[in-house]
Amino acid sequence: MLRLYDTVHGEIRDLPMRDPGRLSMYVCGPTVYGLPHLGHGRFTLVWDVARRWFTFRGLEVRFVSNITDIDDKIINLALREGTSEEAVARTYEDEWWSAMAAIGVARPDDSPHATQYVAAMVELIESFLADDVAYLTSDGLYFDTSRVADYGLLAGQPLESLRAGARVEANNEKRSPLDFALWKFAKPNEPSWPASFGEGRPGWHTECVVMSLDLLGDGFDLHCGGFDLKFPHHENERAQAVAAHRPFAQHWGHNGFVMVDNEKMSKSLGNFTSLTDLLARTDARAYRLLVIRSHYRSPIEVSRVTIADAERALARLDTLARRFDLPVLGGEKLVKGGDYHFAGEAAQLYERVCAFLDEDLNTPLAVAELFDAVSAANALADAKHEGRAAELALCVTVLFAALGLSVDGGVEEHDAEVRALVVARDQARSESRWAEADRLRDELVARGWIVEDSPEGTRIRRA
RNA sequence: GGCGGCGUGGCCGAGCGGUUAGGCAGGGGCCUGCAAAGCCCCGUACUCCGGUUCGAAUCCGGACGCCGCCUCCA
């Protein structure tokens, strides 16, 4: 049974399924006005891992994640750079998808754009006006949060207490500081859409509720995002669904932040590293390993030290792949558990890892178990139990692949000149000309190779 | 001010009542022509102060420190 922590109930619960065997999942996506940073990388990795694991376990997952392509930040950037909002959104959406591809996050089944859903949003807002749940101010339409009885459910506190904690608002026409913009009237030269209540653009909270319900339907299963979206974003999405009398997400999942020097990484703090920068100097798989080594709800510390640490751990896995000549699995194609059957130690490993992951995606325990299995496989092979060792090693790669981590021994290209050095070294070694062998090794090292001896002779790989 | 969370060995990071988490780094050994890789062994850690218990990192109370949300935010 697959279980997952649910924010509303504050406990781990069975994963709900409106249709047994099929899981509908919505993850709040990015606003495309800048390069994706490590925080975006974490939330996409976390939910990509979840999606992959649920798929591995036999569920048919429908995974939807939006692109917010109209927003104040986009407008401001377009103004600053003297370009159009469309151009800004397109540029950074392209950056987004290439970063996602680079870190191995599989494409959503649907990635709706806010600008494609404006008409539906207008319709929803009209119904709010009709029901007196929305009201007009000079700069737009607002949602009256007092009309939702259980407002504050996701925040975990009652409306009154939220209201008391709210800071000073710029807009004093709001009835409550908690009320939020459904629609912002267009200012000169801003992109806008027609609406019966006045030309303008939608507020952020309205798009996700409209798109998720449209694509996944009433009462869809799972709605996910970062902890910071819990309130007010998810609260407000939910409030609108309630006001529209539509059953909303049955289960809410939230992931922890990426921390830098014990502070949340965010654009507003300016302490972020873009994924693009990270990928320029790091194997993307190391970041995934770093992410799955801790629990998805915990904060993770990301620094050159922790990334380097993960890179070395990853090298240990790749070494295993090289030793056992393991297939490279994973990638864009999601792995299904039903395709594999294991015996002996591998079967036991499989059971244990599944038990950990089925219970609130406990990736750190699963990873620890898998690293134990790496040692075990090597030890078995050292003891000449080749068959058992190979089976266990294969199971390790299958389970890592299930989490989207491709263990890869990496066959690397080398030219004839390098090849000649390797051959010459093997020759020297076979004749016990050690000084010559060491000289040839030094030469290979100088060309950027790591040299290892094996029963089959000199093996090299990129340093 | 309200709500939530956290403080674990050199670092990262699990565990949440009794048994080695795991990784990285470090030390010793085996293997190796020497290495590398691999294997084996090693640190005996849980902010502090009380309490509950036969037994607490794990439960309760308090103190201190830190973080997050309440405003755009993954």
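Into which domains is chain A divided?

**Figure 1. Domains of chain A in the predicted model.** The chain is divided into domain 1 (3–261), domain 2 (282–402) and domain 3 (416–462). Between the C-alpha centres of domain 2 and domain 3 the separation is 31 Å.

**Figure 2. The largest nonpolar core and the surroundings of Tyr287.** This core has 91 residues, of which Met25, Trp47, Trp53, Phe54, Tyr287 and Phe400 touch the most other members. At least three of its residues come from each of domain 1 (3–261) and domain 2 (282–402). Leaving aside residues up to four places away in sequence, Tyr287 is in contact with Leu38, Gly41, Arg42, Leu45, Val258, Leu275, Leu278 and Val302. A second, separate core holds 44 residues, including Tyr26, Val118, Phe180 and Val209.

**Figure 3. The open sheet of 4 strands and two helices that accompany the strands.** The strand order is β4-β3-β9-β10, and the pairing is parallel. Because β4 (60–65) and β10 (251–255) stand at the edges with a single partner strand each, one side of each has no neighbour in the sheet. From one strand to the next, the twist averages 20°. Strands β3 (residues 22–27) and β9 (residues 222–226) run parallel and are joined by 3 bridges; Met25 has Leu222 in β9 as its bridge partner. Helix α1 (residues 38–56) packs on the sheet and touches β3, β4, β9 and β10, with its direction at about 175° to that of β3. Helix α6 (residues 204–216) lies across β3 and β4 and runs at about 160° to β3.

**Figure 4. Salt bridges Arg3–Asp14 and Asp218–Arg246.** The structure holds 34 salt bridges. In the pair formed by Arg3 and Asp14, the closest N and O atoms are 3.1 Å apart. Arg3 belongs to strand β1 (residues 3–6) and Asp14 to strand β2 (residues 11–14), 11 residues apart. For Asp218 and Arg246 the closest N and O atoms are 2.6 Å apart. Asp218 sits in the loop between α6 and β9, and Arg246 in the loop between α7 (230–243) and β10, 28 residues apart. Asp218 is partly exposed at 34% relative accessible area, and Arg246 is partly exposed at 35%.

**Figure 5. The Asp360–Arg297 salt bridge and a salt-bridge network.** The side chains of Asp360 and Arg297 meet at 2.6 Å, N to O. Asp360 lies in the loop between α11 (344–358) and α12 (363–382) and Arg297 in the loop between α9 (284–292) and β13 (300–301), so the pair ties together parts 63 residues apart in sequence. Asp360 counts as buried at 2% relative accessibility, whereas Arg297 is partly exposed at 25%. Glu417, Glu436, Arg439, Glu443 and Arg447 are joined into one network by salt bridges that share partners.

Terms used
Residues are numbered from 1 along each chain as its sequence is written. Chains are lettered from A and ligands numbered from 1 in the order in which they are written. This is a predicted model: local features need pLDDT of at least 70, side-chain atom pairs count only at pLDDT 80 or more; totals for chains, interfaces and linings use all residues. Side-chain values use heavy atoms; hydrogens and water are left out. Domain bounds come from an automatic or database domain assignment. A nonpolar core is a set of buried Ala, Val, Leu, Ile, Met, Phe, Trp, Tyr and Cys residues joined through side-chain atoms within 4.5 Å. Buried means under 20% relative accessible area, exposed over 50%, partly exposed in between (1.4 Å probe, protein chains only). Contact means heavy atoms within 4.5 Å. Two strands pair if DSSP finds at least two bridges between them. Axes are lines fitted to C-alpha atoms, for helices over the stretch in contact, and angles run from 0 to 180 degrees between N-to-C directions. A salt bridge is a side-chain nitrogen of Lys or Arg within 4 Å of a carboxyl oxygen of Asp or Glu.
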